[in-house]
Amino acid sequence: MNYCSSCGSNVRLQIPPDDTRMRHVCEQCGEIHYRNPRNVVGTIPIWENQILLCRRAIAPRHGYWTLPAGFLEVGESTEHGAARETLEEAGALVDIGPLFSLLNVAHVEQVHLFYLAHMRTPHFEAGTESLEVGLFTEAQIPWSELAFPTVKQTLQWYFEDLHAGGFHHGRTRSRDILPSERIE
Ligand code: ZN
């Protein structure tokens, strides 16, 4: 950040009084511009024994497969955001279930949340951010063409729990994603 979004003056990196971290502080109006992680909310859309995946039409990871997910908007709940993204990217109406996975991706300043979601009908269609959308059985999941480590981990946990005969007693699965984790 170079300029204050409140008054347009220069900002300077400094530790404000009573704080412990460097912040962008406006030299003119004194506003402290905090930077906090963003929430990415998505779903695991389920139809019978299949999962709905989207092939990305946008950067990053253009052409790779993902669960429908996107940035939480101001004023909406995480559940609502997850359902909205599923409709926008995959054209699918879902009933949101329990929070299934929570992944901290600190190095890109994001927290990813995925909800179990049941498709109301088998209808889906690619939104503007998707090249194509499709239902996949476990054997059909394109593991080497997944867009993000959080999607891969969520799908791995999903099938692990499915084979174990339940969804981890309803407890949310969670871990930190490391900078070294890449899908190539
Ligand atoms: Zn200012």
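In this predicted model, the second largest pocket holds about 450 Å³ of space. Its lining is made up of 17 residues, and Arg-23, Arg-35, Asn-36, Pro-37 and Glu-109 are the closest to its centre. Strand S2 (23–26), strand S8 (94–105) and strand S9 each give two or more residues to this lining. Domain 1 (1–35) and domain 2 (38–181) both contribute lining residues, so the second largest pocket lies between the two domains.

The largest pocket has about 620 Å³ of space. Among its 33 lining residues, those nearest the centre are Arg-56, Pro-60, Gln-110, His-112 and Phe-148. Two or more lining residues come from each of strand S5 (50–56), strand S7 (69–71), helix H1 (78–90), strand S9 (110–119) and helix H2 (149–163).

The table gives the lining of each pocket by residue class.

| Pocket | Nonpolar | Polar | Charged |
|---|---|---|---|
| Largest pocket | 16 residues | seven residues | 10 residues |
| Second largest pocket | eight residues | five residues | four residues |

Helix H2, which helps to line the largest pocket, has 15 residues. At 1.5 Å a residue H2 should span 21 Å, and this agrees with its end C-alpha atoms, which are 21 Å apart. Buried residues of H2 include Pro-149, Val-151, Leu-155, Trp-157, Tyr-158 and Phe-159. Thr-150, Gln-153, Thr-154 and Asp-161 of H2 are buried as well. The buried residues of H2 pack against strand S4 (38–47), S5, strand S6 (65–66), S8, S9 and strand S11 (173–176). Just after H2, Gly-165 has a positive phi of about 90°.

How values were computed:
Residues numbered from 1 in each chain as written. Predicted model: local features only at pLDDT ≥ 70, side-chain atom pairs only at ≥ 80, totals over all residues. Heavy atoms only, no water. 1 Å grid on protein atoms, 1.4 Å probe; cavity = no way out; pocket = protein on both sides within 12 Å on 5 of 7 lines; lining within 4 Å. Points joined across faces, edges and corners; volume = space filled by probe spheres on them. Helix = DSSP H or I, 4+ residues; strand = E, 2+ residues; numbered from the N terminus. Nonpolar A, V, L, I, M, F, W, Y, C, P; charged D, E, K, R; others polar. Domains from an automatic or database assignment. Expected span 1.5 Å × (residues − 1). Buried < 20%, exposed > 50% of the residue type's maximum accessible area, 1.4 Å probe, protein only. Contact = heavy atoms within 4.5 Å.
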